[in-house]
Structure formats: structure tokens, C-alpha cells
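Trainee: Could you take one part of this model and walk me through it closely? I'd like to follow it outwards into whatever else it leads to.

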Amino acid sequence: MDNRPSKIEANLLIARDIALRSPCTRRKFGAILERDGCIISTGYNGSSRGTRNCGIDCPCLKDLYKEETMKSYDHCPAVHAEMNVIINAARNGTSTIGTTLYLNTPNNGDRPCFLCRRFMIQAGVKDCYYVNGDGKVVHEEVNSWIQLENMWMIEQETFAPAKNVKSSHNP
């Protein structure tokens, strides 16, 4: 009998361990990119390379400004794990097209934010696995997010306060 974790579970465990490098005092996320069974890049959420580590070298700026978690990034210097894993691949000249991204955290899980989903679409990531707030493994095809993005843009246009804005939909 084989008691080993599946490849998906193993990659999510690795992503969770990568998250432990995050200096963030609020939420720690780790991500890996995989292609054909091989990890090609890793990333975790934290301040930009060479800058002060928010939460270690200085107090959490979001705490200082009393910003709610997941509500605003106005005072958060962090680059998200999903962004970092894509950027790290690019820094090494590694294509991200057709890859699978695994995202995990030792805290409460969540799906990638809207901005990270845009990065993943642009980078050509094919699939995303993450652990949700209930501890369940979720798989999403990144291409399915394109329709969500289109619906969001239509909604924003419909409810925009300025109706005199010129666009291709409002000549």
C-alpha cells in the first residue's frame, strides 16, 4: 500500500513550506511553478528584492494604517507569492507558458487575488491548485478566469459614476 501524498498534494506541501520564508506578519503564502513533473520556480510573498522586509525590519505598514486584511494594498509593500514565482522564472529565462501553479499557506487558504489571476493569465499559466479556507484542494483552469475578468469589466463599466466617458462601447 502506497501512503505517499499524490503529486498534487506533494507540490502543495512544498508550496506551504516555501511560504515559511515570507516575512509577512499577517499572511504567508508560497507558490511553485511546475512543468512536466519538475519544479521550475518558487516564490513567496514579501517586500521587493533589496528593500526592507515589512514585518521584520519595520512594523507591518498595514497594521500602522489599520487596513483590513484582503481589503486594500495601499500601504502594503509585498509582492504576492504568485507574482514572485512568475517573476523568478522570468529572471532565470524560464518560460511559464503551459505551467501549473501551486499556492499554499500555513494560515487560512484562499484563491489567488484578482491581480495575481491577471498575472497568471498573462504569463500563460495553464492550471492553478490551491488550498481554500476549508482546507480543501481546489483546481481551476486559468483560462476560465478570462470570462470572469470580462464580466467584471462589463459590471464596472455599467455601474461607473461617470457616464460621459468615451470608450469603444460608448462612442
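Mentor: Let's start with the hairpin that β6 and β7 form, with five residues between the two strands. Gly135 sits in its turn and has a positive phi of about 80°. Keep in mind that this is a predicted model, in which local features need pLDDT of at least 70 and side-chain atom pairs count only at pLDDT 80 or more, while totals for chains, interfaces and linings use all residues. Residues are numbered from 1 along each chain as its sequence is written, and side-chain values use heavy atoms, with hydrogens and water left out. As for the element names, helices (H or I, at least four residues) and strands (E, at least two) are DSSP runs, numbered from the N terminus.

Within the hairpin, β6 and β7 are antiparallel and share five bridges; two strands count as paired if DSSP finds at least two bridges between them. One bridge to pick out joins Asp127 to its partner in β7, Glu141. β7 also has two distinct faces: Val138 and Glu140 are on the covered one, and Val137, His139 and Glu141 are on the uncovered one.

On its other pairing, β6 (residues 127–131) runs parallel to β5, with four bridges between them. Here Cys128 in β6 stands opposite Leu101. Put these strands into their sheet and you get five in the order β2-β1-β5-β6-β7, an open arrangement with mixed pairing. β2 and β7 (137–141) are the edge strands with a single partner each, so one side of each has no neighbour in the sheet. The twist from one strand to the next averages 20°. For angles like these, axes are lines fitted to C-alpha atoms (for helices, over the stretch in contact), and the values run from 0 to 180 degrees between N-to-C directions.

What lies across this sheet? Helix α1 (residues 7–19) lies across β1, β2, β5, β6 and β7, at about 55° to β5.

Now for α3, residues 81–91. Eight of its 11 residues are buried, so the rest of the structure largely encloses this helix. Buried means under 20% relative accessible area, exposed means over 50%, and partly exposed is in between (1.4 Å probe, protein chains only). The buried residues are Ala81, Glu82, Met83, Asn84, Val85, Ile86, Asn88 and Ala89. Their cover includes β1 (30–35), β2 (38–44), β3 (46–47), β4 (78–79), β5 (100–104) and α4 (114–123). Right after α3 comes Gly93, with a positive phi of about 75°.

Next, the helix pairs. The axes of α3 and α4 come within 9 Å and cross at roughly 25°. These two helices are therefore roughly parallel: that label goes to angles under 35 degrees, with over 145 being roughly antiparallel, 65 to 115 roughly perpendicular and the rest oblique. α3 supplies Glu82, Met83 and Ile86 to the contact, and α4 supplies Leu115, Cys116, Phe119, Met120 and Ala123, where contact means heavy atoms within 4.5 Å. By class, the contact of α3 with α4 has seven nonpolar, no polar and one charged residues. The classes put Ala, Val, Leu, Ile, Met, Phe, Trp, Tyr, Cys and Pro as nonpolar, Asp, Glu, Lys and Arg as charged, and the others, Gly among them, as polar.

α4 also meets helix α5 (residues 144–158), where the axes come within 10 Å and cross at roughly 125°. That angle makes α4 oblique to α5. Arg117, Arg118, Met120 and Ile121 of α4 and Trp145, Ile146, Glu149 and Trp152 of α5 make this contact, and its residues divide into five nonpolar, no polar and three charged.

One residue brings us back to the hairpin: Asp110, in the loop between β5 and α4. Asp110 is partly exposed, at 28% relative accessible area. Leaving out residues up to four places away in sequence, Asp110 touches Arg27, Phe29, Met70, Leu103, Tyr130, Val131 and Asn132.

Zooming out, the protein chain has five helices and seven strands, in the pattern α-β-β-β-α-β-α-β-α-β-β-α along the sequence. Of its 171 residues, 37% count as buried.
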